[in-house]
Amino acid sequence: MVRSQMSSRTLANRLWVQIPGNTRLRIVLLVLIGTILLAVSAHIQVPFWPVKMSMQSFMVLALAVVYGGRIGTATVAAYLVEGAVGLPVFQSGGGLACFGGPTAGYLAGFVVATGVVGSLSERGAMHSVVAAFGVLLLGDAIIMVLGTAWLSTLIGFEKALSAGLLIFLPAEAVKVTLAAVLTRMTARAI
């Protein structure tokens with residue numbers, strides 16, 4: 001399957017068709033909308049220590065499915081740049097210090113998960129709720145493993161496993177299930 005046929009499988013391309021005259025504007029607006037949604041999702045949170053629970057992983061997975069691998073990854077990368085330059089888009093605000101703090105591994109996981117989930121989505125891997133759940137679970141696992149791995153360098157493996165992974169598992173299961181169901185419902189409606 002050629003690249004243009006694969007990218008036409010994204011929900012963004014079904015909702016807003018890419019034509020030669022709107023390509024750049026479309027990508028810029030999609031990335032801008034995505035970074036705003038990511039920033040808002042970062043501030044929908046439940047306070048835990050050392051990492052707060054938020055809706056970021058849900059939004060990362062949703063953007064990956066809706067935008068696909070390339071635009072989704074560009075969106076997450078733009079979000080990280082916004083945070084790096086000091087915009088208050090992360091859970092704890094913004095600035096370069098966030099890339100050395102407890103959430104740095106999760107932020108890195110967002111980029112990797114978006115690329116993987118977005119690419120699989122473009123290739124038609126989201127053909128059923130069960131398949132969508134599996135793809136989204138893989139993406140969420142990438143986020144959680146990278147986040148916990150980084151956190152373990154700061155607070156030790158046992159504490160990181162408890163405070164950076166296990167405590168989040170019930171909420172992550174709900175977010176992945178919700179994303180899978182919404183993805184399939186939206187695809188059917190379109």
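Biologist: Which residues does S121 touch, not counting residues up to four places away in sequence?

Modeller: Leaving out residues up to four places away in sequence, S121 touches R9, V65 and M126. Contact means heavy atoms within 4.5 Å. Keep in mind that this is a predicted model, where local features need pLDDT of at least 70, side-chain atom pairs count only at pLDDT 80 or more, and totals for chains, interfaces and linings use all residues. Residues are numbered from 1 along each chain as its sequence is written, and side-chain values use heavy atoms, with hydrogens and water left out.

Biologist: Okay, and what's pLDDT?

Modeller: That's the predictor's confidence in each residue, from 0 to 100.

Biologist: Back to S121. Which helix is S121 in, and is S121 buried or exposed?

Modeller: S121 sits in helix α5, and S121 is buried because its relative accessible area is 7%. Buried means under 20% relative accessible area, exposed means over 50%, and partly exposed is in between (1.4 Å probe, protein chains only). Helices (H or I, at least four residues) and strands (E, at least two) are DSSP runs, numbered from the N terminus.

Biologist: How many helices and strands does the chain have?

Modeller: Eight helices and two strands. Along the sequence they run α-α-α-β-β-α-α-α-α-α.

Biologist: How much of the chain is buried?

Modeller: 45% of its 190 residues count as buried.

Biologist: Where is confidence lowest, and where is it highest?

Modeller: Helix α1 (residues 3-7) is the lowest, with a mean of 43, while helix α5 (residues 104-122) is the highest, at 95. Over residues 1-7 the pLDDT stays under 50, and the model has eight contacts beyond four places in sequence for that stretch. The chain averages 86, and 86% of the residues score at least 70.

Biologist: Let's talk packing. How do people describe two packed helices?

Modeller: By the angle between their axes and the distance between the axes. Axes are lines fitted to C-alpha atoms, for helices over the stretch in contact, and angles run from 0 to 180 degrees between N-to-C directions.

Biologist: So what's the angle for α4 and α5?

Modeller: They cross at roughly 105°, and their axes come within 7 Å. The two are therefore roughly perpendicular to each other. By class, twelve nonpolar, eleven polar and two charged residues make up the contact of α4 with α5. For the classes, Ala, Val, Leu, Ile, Met, Phe, Trp, Tyr, Cys and Pro count as nonpolar, Asp, Glu, Lys and Arg as charged, and the others, Gly among them, as polar.

Biologist: And what about α4 and α6?

Modeller: Helix α4 (residues 56-84) and helix α6 (residues 129-155) pack at about 130°, with axes 10 Å apart. That's why α4 and α6 are oblique to each other. The cut-offs are under 35 degrees for roughly parallel, over 145 for roughly antiparallel, 65 to 115 for roughly perpendicular, and oblique for the rest.

Biologist: Which residues meet there?

Modeller: S57, V60, L61 and V65 in α4 meet L136, G139, D140 and I143 in α6. Five nonpolar, two polar and one charged residues form the contact of α4 with α6.

Biologist: What about F133, what does F133 contact beyond its neighbours within four places in sequence?

Modeller: V176, T177 and A180. F133 lies in helix α6, and F133 counts as partly exposed because its relative accessibility is 30%. F133 and A179 are 46 residues apart in sequence, yet 7.9 Å apart in space, C-alpha to C-alpha.
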